[in-house]
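Here are my notes on the model you asked me to look through, set out as numbered points. Please keep the structure open beside them while you read.

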Amino acid sequence: MLLPSIDDLGDVRGKRVLVRVDFNVPLADRDGEKVVTDDFRIQSALPLFRDLQLRGAHVTACTHLGRPNGEVNAEYSVEPVRRHLNDLIEGVELLENLRFNPGEESNDRAYGEALTDSFDCYVNEAFGVSHREHASIMVPPTLIPSAAGPNLMREVATLTGLLQEPKRPFVAIVGGAKVADKLGITKVLAEKADAVIVGGGMAFTFWRAQGHTIGSSLVDESRLADVSELLNTGRVFIPTDVWALPTGEPFGSGGVLAPTLFEDDIPEGFAGLDIGPRSSERFAEIIKNAGTVLWNGPMGVFEDPRLESGTRAVAEALVASPAISVVGGGDSAAAVEQFGLADLMSFISTGGGASLELLEFGDLPGLKALRGVE
Ligand code: AMP
């Protein structure tokens, strides 16, 4: 996909450049002051800021932060982010939270025009938001010369390249909680990939479709037919054993009971919450022989140490495999981070939702806006 680059903006000396970034970073209170606790997203934007400054441009960044729902709310002010940014680089301004104005999320043209008004050029460096039709993503490219930032370019090139000519065997791993959200992408992947591994809460809809009982595990009964169709492709692999906890036992934090392993049916009164050792071993074997692995969504409730073993096994198999490993953002990225394996993956996408939509539909609203296509 050909996106306009910074070079296509021409000579930006003396020009005012608006850069849309995704500085939706975690904050915490320290000694009565809010501070940034993970500045990965801010650090990632610095090369672009430096490049623009070296070219002589005046750089102003803009971002959303949390969900203030269109109202000014000091709780969601970007001030702590601004302080952090100023410590890292001089001369880059940061506008106040875009979502303080309801026009941002409703893609209000007048709001987008007002935002763009005092700038000569626009750069989108917010891949993780580019699936959203929000004013700061959609409107500036219709008004002033616009370009894709280098991180956004890299995300798009990596993800689209993955579907075009993956090094085979191409193995996709999908997990997480919501089968409805991920069924579309699972279907696309079942066509493109040589094998699709399904784990996490999603897997129980597949178990159910095979006629197993699943106790109180997550399930989407309305999707059983779709899921059966996927299973019939013969390329979809699901767990053959699962760890479960009694229904009502807290998980995530606060729980004490040890999980029970089920290899077939899960009885009433239990919920499946992680893949079992036999499944982990089988999945690791598939991953070991892969040329490319795309991973989106954990195999279990990895935030709870009792239920992390399946997700850890998959992450470790990826590290041990010579495959190109692309981790599709969100929770899987958090999991590899938790295991200290993030640096060993080939590529970690910053946008979970955006990366899935790009893989499923081959394009995103924000990318279309940059290319000037409907
Ligand atoms: P998603 O946002 O759909 O990718 O879901 C990610 C969340 O799914 C993580 O927070 C996991 O804790 C959770 N999860 C993974 N496996 C299960 C499961 N078997 N049952 C319930 N939640 C799960």
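1. Threonine 63 is a good place to begin, and it sits in the loop that runs between strand 4 (58–62) and helix 2 (79–88). Please bear in mind throughout that this is a predicted model. Although threonine 63 belongs to a loop, its relative accessible area is 0%, and because the cut-off for buried is under 20%, threonine 63 counts as buried. Its side chain reaches the backbone nitrogen of phenylalanine 23 at a distance of 2.8 Å. If residues up to four places away in sequence are not counted, threonine 63 touches Arg20, Val21, Asp22, Phe23 and Asn24, and also Val78, Leu94, Glu96, Asn97 and Leu98.

2. The strand that comes before this loop, strand 4, has a place in an open sheet of five strands, whose order is 5-4-1-6-7 and whose pairing is parallel. Strand 5 (93–94) and strand 7 (146–148) are the edge strands of this sheet, since each of them pairs on one side only. Within the sheet, strand 1 (residues 16–20) and strand 6 (residues 121–124) run parallel and are joined by four bridges. You can locate this pairing by finding leucine 18, which stands opposite tyrosine 122 in strand 6.

3. Strand 14 (292–296) deserves a separate look, beginning with its partners on either hand. It pairs in the parallel sense with strand 8 (residues 170–174) over five bridges, and valine 171 has valine 293 of strand 14 as its bridge partner. Strand 14 also pairs in the parallel sense with strand 15 (residues 324–327), here over four bridges, and leucine 294 has valine 326 of strand 15 as its bridge partner.

4. Which residues of strand 14 are buried on one side, and which on the other? In a regular strand, side chains alternate between the two faces of the sheet. In strand 14 both faces are covered, with Thr292, Leu294 and Asn296 buried on one side and Val293 and Trp295 buried on the other. Put as a count, five of the five residues of strand 14 are buried.

5. Threonine 292, which lies in strand 14, can be examined in the way that threonine 63 was. Threonine 292 has a relative accessible area of 2%, and is therefore buried. A polar atom of its side chain lies 2.7 Å from the backbone oxygen of lysine 167. Leaving aside neighbours within four places in sequence, the residues in contact with threonine 292 are Leu162, Pro166, Lys167, Pro169, Phe170, Val171, Ala323 and Ile324.

6. The next point concerns enclosed space. Rolling a probe the size of a water molecule over the atoms shows where empty space is left. The structure holds one cavity of 30 Å³ or more, and the largest cavity contains about 30 Å³ of space. Its lining is made up of Ile185, Leu189, Leu294, Asn296, Gly328, Ser355, Leu356 and Leu359. Helix 8 (179–192), strand 14 and helix 14 each supply at least two residues of this lining, and helix 14 gives the most, with three residues. By class, five of the lining residues are nonpolar, three are polar and none is charged.

7. Helix 14 (residues 352–361) has Gly352, Ala354, Ser355, Leu356, Leu358 and Leu359 as its buried residues, and Ser355, Leu356 and Leu359 are also found in the lining of the largest cavity. The helix is followed by glycine 362, whose phi is positive, near 75°.

8. For open space, turn to the second largest pocket, which has a volume of about 880 Å³. It is lined by 33 residues, of which Phe40, Arg41, Ser44, Ile348 and Thr350 are the closest to its centre. Helix 1 (40–54), helix 7 (150–164), helix 13 (330–338) and strand 16 (347–348) are the elements that give two or more residues to the lining. By class, this lining has 15 nonpolar, ten polar and eight charged residues.

9. Last comes alanine 313, which is found in helix 12 (residues 309–320). Is alanine 313 buried or partly exposed? Its relative accessibility is 21%, so alanine 313 counts as partly exposed. Between the C-alpha atoms of alanine 313 and histidine 64 there are 35 Å, the two residues being 249 residues apart along the chain.

Technical notes. Residues numbered from 1 in each chain as written. Predicted model: local features only at pLDDT ≥ 70, side-chain atom pairs only at ≥ 80, totals over all residues. Heavy atoms only, no water. Buried < 20%, exposed > 50% of the residue type's maximum accessible area, 1.4 Å probe, protein only. Pairing = 2+ DSSP bridges. 1 Å grid on protein atoms, 1.4 Å probe; cavity = no way out; pocket = protein on both sides within 12 Å on 5 of 7 lines; lining within 4 Å. Points joined across faces, edges and corners; volume = space filled by probe spheres on them. Nonpolar A, V, L, I, M, F, W, Y, C, P; charged D, E, K, R; others polar. Polar contact = N/O pair within 3.5 Å; in protein donor to acceptor, adjacent residues only side chain to side chain. Contact = heavy atoms within 4.5 Å.
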